[in-house]
Amino acid sequence: MHLSLNNSLGKWVVPPAPPLKLLDTYTGTASAYSFALLSSSYTGDLYSDTAGSIATIYDQSGSSNLTQATGANQPTLTADPSASFDGSNDYIFGAATNTDTTGSVYLIFSPDDVVRTNRQVLISFSDTATTNNYIEFGLETDGRVYMESNSGGTLYTVRSISALSNNTYSSLIVAHNSSEYSVIINGEQEPVIEMDGTTQQWVGDVVGGDQITLGATQTSGGVSRYFDGKIHSAVISADQFI
């Protein structure tokens with residue numbers, strides 16, 4: 001992920017994307033998962049169909065491609081371009097492993113409906129053989145950003161103070177440095193509320209973690225907490241993006 005410090009503003013900003021590759025070109029540590037969409041003018045074998053539904057998103061780090069064989073559950077490619085999720089059954093996933101106990105998650109996304117009955121997950125890492133080993137990053141029912149880890153039923157949750165808006169792209173960084181969490185929304189450091197436990201956890205702390213899911217969380221209990229909106233970029237990395 002290429003971030004640059006805007007000295008006049010004193011904050012990290014995302015520089016303009018190159019003409020074709022509208023998402024990140026991060027090539028950091030081997031454990032970085034970089035799910036990249038290319039523009040609609042890209043002519044390579046990115047998607048397995050031509051109708052706008054996304055069956056495969058290639059991982060630029062070469063670690064784990066995301067796939068969705070069921071047509072009704074496939075997100076769709078938008079003109080932005082982004083992957084659009086319908087909030088009811090769209091998600092895309094891939095087998096993965098991760099041992100990083102510190103690092104960052106970076107996302108660019110636009111929610112269609114920030115106020116919903118259930119939480120909405122942007123990206124998650126989970127043990128699909130159990131119901132209570134996962135970490136997820138998404139939106140609370142009131143539109144605030146949250147991260148929640150569940151280790152055998154022991155929860156740890158981080159929430160932002162501010163809520164996001166409908167139909168507006170936002171950049172989000174959630175980082176963990178082993179002693180504290182940082183949340184940055186659109187380049188601004190966000191006050192956070194930490195609750196539901198005392199043991200801080202990160203992606204590599206998920207016991208038995210074997211799958212990354214974009215647009216929802218998947219455990220042995222099924223798929224839940226679907227995201228309603230567009231995801232333009234997503235990265236899980238061992239590096240600190242702050």
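This is a selection-by-selection tour of a predicted model.

**Whole chain.** Start with everything shown. The protein has 0 helices and 21 strands, and 51% of its 242 residues count as buried. Of the contacts between residues at least 6 apart in sequence, 66% join residues at least 24 apart. The exposed area is about 9800 Å², with carbon and sulfur atoms supplying 50% of it.

**Strand E9.** Select residues 103-111. In this strand, 9 of 9 residues are buried. Side chains in a regular strand alternate between the two faces of the sheet. Here Gly103, Val105, Leu107, Phe109 and Pro111 point one way, while Ser104, Tyr106, Ile108 and Ser110 point the other way.

**Partners of E9.** Add residues 170-176, which are strand E14; E9 pairs with E14 in the antiparallel sense over 7 bridges. To check the register, find Gly103 opposite His176. Then add strand E21, residues 228-237, which pairs with E9 in the antiparallel sense over 8 bridges. On that side, Leu107 stands opposite Ala234.

**Asp112 and Lys230.** Select these two side chains next. They form a salt bridge, with the closest N and O atoms 3.6 Å apart. Asp112 lies in the loop between E9 and E10 and Lys230 in E21, so the salt bridge ties together parts that are 118 residues apart in sequence. Is each end buried or exposed? Asp112 is partly exposed, because its relative accessible area is 27%, whereas Lys230 counts as buried at 16%.

**The Glu140 network.** The whole structure holds 6 salt bridges. Select Arg119 and Glu140, whose side chains meet in one of them at 3.0 Å, N to O. Arg119 lies in the loop between E9 and E10, and Glu140 in the loop between E11 and E12, so this pair ties together parts 21 residues apart in sequence. Now add Arg159, which forms a salt bridge with Glu140 at 2.4 Å, N to O. Arg159 belongs to strand E13 (residues 154-163) and is 19 residues from Glu140 in sequence. Finally add Glu148: salt bridges that share partners join Arg119, Glu140, Glu148 and Arg159 into one network. Color by relative accessible area and three of these come out as buried: Arg119 at 16%, Glu140 at 8% and Arg159 at 12%.

**A surface patch.** Last, select Ile161, Ile193 and Met195. They form a nonpolar patch on the surface, with about 230 Å² of accessible area together. Met195 is in strand E17, residues 192-195, and counts as partly exposed at 33% relative accessibility.

How values were computed. Residues numbered from 1 in each chain as written. Predicted model: local features only at pLDDT ≥ 70, side-chain atom pairs only at ≥ 80, totals over all residues. Heavy atoms only, no water. Helix = DSSP H or I, 4+ residues; strand = E, 2+ residues; numbered from the N terminus. Buried < 20%, exposed > 50% of the residue type's maximum accessible area, 1.4 Å probe, protein only. Contact = heavy atoms within 4.5 Å. Areas by Shrake-Rupley, 256 points an atom, 1.4 Å probe, with all protein chains shown as cover. Patch = residues over 30% accessible without salt bridge, like charges linked within 9 Å, V, L, I, M, F, W, Y side chains within 5 Å. Salt bridge = Lys/Arg side-chain N within 4 Å of Asp/Glu carboxyl O. Pairing = 2+ DSSP bridges.
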